[in-house]
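Reader: I would like a close look at a single part of this structure, followed outward into the rest of the chain. Please take one helix as the starting point and keep each step of the reasoning explicit.

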Amino acid sequence: MTNKDMLLITQKIAMTRDLGVHGNLFGGNMLSWIDEAAGLMATKICRTTNMVTVKMEEVNFKRPVKMGFSISIYGKVVKMGTSSITLYMEARKHNVYSGEETLVTSTKIVFVRIDEVGDPIPITEEIRKNYLHLNE
Ligand SMILES: CC(C)(COP(=O)(O)OP(=O)(O)OC[C@H]1O[C@@H](n2cnc3c(N)ncnc32)[C@H](O)[C@@H]1OP(=O)(O)O)[C@@H](O)C(=O)NCCC(=O)NCCS
């Protein structure tokens, strides 16, 4: 997807402590960064902090990330349910010299709005109606 289709949510730097045994960014760290960014986006869109991750779909680690690389994490709403929202997420590495971005990881994540005891409750109609066209 192009930049104009997606919202920049957060940026990270791959530090020494984030690397795995091959000198690449450890996959579990990338998953955590994407989950956190998507959670941030889901809570802002749904205007509640009571959102939980229920599913992370297939994750593609397309390119390695080395120490010192900056990572931009983008998101886009792709589906609106009753209590759930699905986001497509991309992490891209940024070349500081050329400004070029390269896709490194992508996935879809589903979040569910929950009440105070952890049961699903509907996302408000006022918010849902702005995204229902995505389901057509
Ligand atoms: C999220 C949770 C409350 C949903 O409970 P549930 O009993 O599955 O609820 P329901 O079957 O009524 O489904 C509620 C919504 O979740 C969606 N959902 C549930 N499981 C799903 C899955 N595996 N994939 C996609 N959507 C899913 C349903 O489609 C439904 O969406 P809709 O309201 O938009 O139609 C429950 O699974 C949970 O608490 N999971 C743990 C969440 C958590 O702790 N996450 C942090 C990661 S460790």
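**Helix α1 and its surroundings**

Author: Met-30, Trp-33, Ile-34, Ala-37, Ala-38, Met-41, Ala-42, Ile-45 and Cys-46 are the buried residues of α1. The model is a predicted one, and everything that follows should be read with that in mind. The general background to such a list is that an α-helix has 3.6 residues a turn, so residues three or four places apart point the same way. The buried residues of α1 pack against a set of partners that takes in β1 (7-13), β2, β4 (70-80), β5 (84-94) and β6, together with the other helix named here, α2 (125-128).

The geometry of the helix can be checked against its length. Helix α1 covers residues 27-46, and because each residue should add 1.5 Å, its 20 residues are expected to span 28 Å; the C-alpha atoms at its ends are 28 Å apart, so expectation and model agree. Just beyond the end of α1 comes Arg-47, whose phi is positive, at about 50°, although Arg-47 is not a glycine. Arg-47 belongs to the loop between α1 and β2, and it counts as exposed because 11 other C-beta atoms lie within 10 Å of its own, where 12 or fewer is the cut-off for that class.

Beyond that loop, the strand β2 brings the ligand into view. The shell around the ligand holds 13 residues, of which Lys-55, Gly-81, Thr-82, Ser-83 and Ser-84 come nearest. Two elements, β2 (51-56) and β6 (101-113), give two or more residues to that shell, and β2 gives the most, with 4 residues. In composition the shell divides into 6 nonpolar residues, 6 polar ones and 1 charged residue.

Val-54 is a useful residue at which to pause in β2. With 14 other C-beta atoms within 10 Å, Val-54 is partly exposed, since that class lies between the limit of 12 for exposed residues and that of 20 for buried ones. Apart from neighbours within four places in sequence, the contacts of Val-54 are Ser-84, Val-110, Phe-111 and Val-112; Ser-84 is also one of the residues that come nearest to the ligand. Val-54 and Thr-86 stand 32 residues apart in sequence, and their C-alpha atoms are 10.0 Å apart in space.

The strands that α1 packs against, β1, β4 and β5 among them, are in turn joined to one another. β1 and β4 run antiparallel and are joined by 6 bridges, with Lys-12 taking Ile-71 of β4 as its bridge partner. β4 and β5 likewise run antiparallel, here with 10 bridges, and Val-77 stands opposite Leu-87 of β5. The turn from β4 to β5 leaves 3 residues between the two strands, which form a hairpin. In the segment before β1 sits Met-6, which is partly exposed because 18 other C-beta atoms lie within 10 Å; the C-alpha atoms of Met-6 and Ile-73 are 9.6 Å apart, with their positions 67 residues apart along the chain.

A contrasting point is Asp-119, in the loop between β6 and α2. Asp-119 counts as exposed, because it has 10 C-beta neighbours inside 10 Å. Computed from this loop back to the helix, the model gives 21 Å between the C-alpha atoms of Asp-119 and Met-41, which are 78 residues apart along the chain.

It remains to set the helix within the whole chain. The chain contains 2 helices and 6 strands, arranged along the sequence as β-α-β-β-β-β-β-α. Its radius of gyration is 16 Å, close to the 14 Å that the globule rule gives for 136 residues, so the chain is as compact as a globular protein of that length. Taken along the principal axes, the C-alpha atoms fill a box of roughly 45 × 30 × 20 Å. Of the 136 residues in the chain, 26% are buried, and among contacts with a separation of 6 or more, 70% join residues that are 24 or more positions apart.

Notes. Residues numbered from 1 in each chain as written. Predicted model: local features only at pLDDT ≥ 70, side-chain atom pairs only at ≥ 80, totals over all residues. Near = placed C-beta within 6 Å. Nonpolar A, V, L, I, M, F, W, Y, C, P; charged D, E, K, R; others polar. Expected span 1.5 Å × (residues − 1). Contact = placed C-beta atoms within 7 Å. Rg over C-alpha atoms; globule rule 2.2 N^0.38 Å. Pairing = 2+ DSSP bridges.
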